[in-house]
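This briefing goes with the sequence and structure shown below. It is arranged by topic.

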Amino acid sequence: VMKALDEMAGSDGLVFLYGLGEPLLDPRIFDFIRACGERGLTSLVSTNGLLMDDEAAHGLIDAGLDHLIIGIDGTTQETYGRYREGGDLAVLEQRVERFLAIKQERRARLDVTIQMIRLEKNHHQVDEFLRTWTRPGVNAVRIKEEDIGLEATAGIHRDGDLRKNPCHLLYRGPLVIRHTGEVYACYSGAESFARLG
């Protein structure tokens, strides 16, 4: 990862420090964020928020993270639990609220997006989600369309079953570099490798 960051140095690039797993599980995440800033790169982390304790909150701010996405796919435990098995929505909400308080106390410039991916079992909660998370410290509340082509969500999207593109990243240009150093053209290839490996 550091070699790739060195090669991107000075390019004004945006580095997505996540994919196929929870980035806060990697103890090097703060080093990667710091390395991005040192090389003039913009850093973005997307997390499920379950590991967002005070130490992680201060670590992300201290490292100089530019953008943070916190994914919360539901407004009730029943709905959230369908997509985050074993996750406790009440605990997550407390951690996010604490993180937002720390961000404000420290006057951190970190841009925070609270995001819900619209899926088969949560699309009826969009309005409630928007109301719930529009608050101080949150820069954007986003409803993201599921973009990897799950059959279960085809009926709730405008283009329904016409969505045949296996990976939208193929047409946007970023490469996926796994924690092991393997490089792929999109998440689909990296995910297939992970299943086989």
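**Asn122 and its surroundings**

In this predicted model, the side chain of Asn122 comes to 2.9 Å from the backbone oxygen of Ile117. A second backbone atom, the nitrogen of Leu119, is reached by the Asn122 side chain at 2.6 Å. Asn122 itself belongs to the loop between β4 and α6.

- Asn122 is buried, because its relative accessibility is 0% and the cut-off for buried is under 20%.
- With neighbours within four places in sequence left aside, the residues in contact with Asn122 are Asp73, Gly74, Thr79, Tyr83, Met116 and Ile117.
- Ile117 thus appears both in that contact list and as the residue whose backbone oxygen the Asn122 side chain reaches.

**Overall make-up**

- The protein has seven helices and seven strands.
- Read from the N terminus, the order of elements is α-β-α-β-α-β-α-α-β-α-β-β-β-α.
- The protein has 197 residues, of which 39% are buried.
- Taking contacts between residues at least 6 apart in sequence, 61% of them link residues at least 24 apart.
- The exposed area of the protein is about 11300 Å², and 50% of this comes from carbon and sulfur atoms.

**Helix α6**

- Helix α6 spans residues 126-133, and its buried residues are Val126, Phe129 and Trp133.
- These three lie on the same side of α6, because the arc they cover around the axis is only 60°.
- Asp127 and Arg131 are exposed on the other side of α6.
- The cover over the buried residues of α6 includes the helix α5 (89-105) and the strands β4 (111-118) and β5 (140-145).

**Loop between α5 and β4**

- Arg107 sits in the loop between α5 and β4.
- The relative accessibility of Arg107 is 75%, so Arg107 counts as exposed, the cut-off for exposed being over 50%.
- What is the sign of phi in Arg107? The value is positive, near 50°, and the residue is not glycine.
- Most residues other than glycine have a negative phi.
- Arg109 is found in the loop between α5 and β4 as well.
- Arg109 is also classed as exposed, because its relative accessibility is 84%.
- Between the C-alpha atoms of Arg109 and His67 the distance is 9.1 Å, although 42 residues separate the two along the chain.

**Aromatic pair**

- How many aromatic pairs does the count give? The count is one.
- The pair consists of Phe16 and Tyr18, with ring centres 5.8 Å apart and 65° between the planes.
- The Phe16 and Tyr18 pair is edge-to-face, because its angle is 65° and planes over 60 degrees apart are put in that class.
- Phe16 has a relative accessible area of 41%, so Phe16 is partly exposed.
- Tyr18 is partly exposed too, because its relative accessible area is 27%.

Terms used
Residues are numbered from 1 along each chain as its sequence is written. This is a predicted model: local features need pLDDT of at least 70, side-chain atom pairs count only at pLDDT 80 or more; totals for chains, interfaces and linings use all residues. Side-chain values use heavy atoms; hydrogens and water are left out. Rings of Phe, Tyr and Trp (its six-membered ring) pair if their centres lie within 6.5 Å; planes under 30 degrees apart count as stacked, over 60 as edge-to-face and the rest as tilted. Buried means under 20% relative accessible area, exposed over 50%, partly exposed in between (1.4 Å probe, protein chains only). Helices (H or I, at least four residues) and strands (E, at least two) are DSSP runs, numbered from the N terminus. The arc is that of the directions from the helix axis to the C-beta atoms. Contact means heavy atoms within 4.5 Å. A polar contact is a pair of N or O atoms within 3.5 Å; within protein, one must be able to donate a hydrogen and the other to accept it, and residues adjacent in sequence count only if both atoms are side-chain atoms. Accessible areas come from the Shrake-Rupley method with a 1.4 Å probe; for residues, only the protein chains shown count as cover.
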